[in-house]
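Hello,

Here is the structure we talked about handing over. Please open it first; my notes follow below.

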Amino acid sequence: MTAIIVLGLGAPALAADGVAGEALYQDVCRNCHGPKAQGMASFPKLSDKDADYVAMRLEQYRAGETVGPNTALMAPHAQDLTDVEIADLASYVTTAFD
């Protein structure tokens, strides 16, 4: 139990940066998911997802997991994302388009 507490205290918290998330989204993601994360064609709507879901999917793509039919398209975009960039993107797409 002591080890868990010590590890918990040492873990850095990720604070999402909406401005950085917007820049990433508008530069790459909007081309397939739409300018307001509303989804387009086979690319799902993101604005109705919660941040944990979006972050989990991006982490899966980054790890090379097969998530669904768009994996081949998403994996190259996610492979170089940092944990902070994923947190920024997840925060932006789930809060900017209410």
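**Helix H3 and its ends**

Gly-64 comes right after H3 and has a positive phi, near 85°. Bear in mind that this is a predicted model.

At the other end, Asp-50 caps the N terminus of H3. One of the Asp-50 side-chain oxygens sits 3.1 Å from the backbone nitrogen of Asp-52.

The length of H3 checks out. The helix covers residues 51–63, which is 13 residues. At 1.5 Å a residue the expected span is 18 Å, and the end C-alpha atoms are 18 Å apart, so the two agree.

Which residues of H3 are buried? They are Val-54, Ala-55, Leu-58, Gln-60 and Tyr-61. These buried residues pack against helix H4 (71–78) and helix H5 (83–95).

**The chain as a whole**

The protein chain has five helices and zero strands. Along the sequence the pattern reads α-α-α-α-α. There are 98 residues, and buried ones make up 28% of them. The exposed surface is about 6300 Å², with carbon and sulfur atoms supplying 59% of it.

Now the contacts. Take those between residues at least 6 apart in sequence: 56% of them join residues at least 24 apart.

**His-33**

His-33 belongs to helix H2 (residues 18–33). Is His-33 buried or exposed? It counts as buried, because its relative accessibility is 7% and the cut-off for buried is under 20%.

Leaving aside residues up to four places away in sequence, His-33 touches Tyr-25, Gln-38, Gly-39, Met-40, Phe-43, Pro-44, Leu-46 and Met-74.

**Aromatic pairs**

The structure holds three aromatic pairs. One of them is Tyr-25 with Tyr-92, a tilted pair. The rings are 5.8 Å centre to centre, with 45° between the planes. This pair links distant parts of the chain: Tyr-25 is in helix H2, Tyr-92 is in helix H5, and they are 67 residues apart. Tyr-25 and Tyr-92 are both buried.

Tyr-92 also pairs with Phe-97, this time edge-to-face. Here the centres are 5.4 Å apart and the planes meet at 80°. Tyr-92 has a relative accessible area of 8%, so it is buried. Phe-97 is at 21% relative accessibility and therefore counts as partly exposed.

Through these ring pairs, Tyr-25, Tyr-92 and Phe-97 are linked into a cluster.

Best wishes

Terms used:
Residues numbered from 1 in each chain as written. Predicted model: local features only at pLDDT ≥ 70, side-chain atom pairs only at ≥ 80, totals over all residues. Heavy atoms only, no water. Helix = DSSP H or I, 4+ residues; strand = E, 2+ residues; numbered from the N terminus. Expected span 1.5 Å × (residues − 1). Buried < 20%, exposed > 50% of the residue type's maximum accessible area, 1.4 Å probe, protein only. Contact = heavy atoms within 4.5 Å. Polar contact = N/O pair within 3.5 Å; in protein donor to acceptor, adjacent residues only side chain to side chain. Areas by Shrake-Rupley, 256 points an atom, 1.4 Å probe, with all protein chains shown as cover. Phe/Tyr/Trp six-rings, centres within 6.5 Å; stacked < 30°, edge-to-face > 60°.
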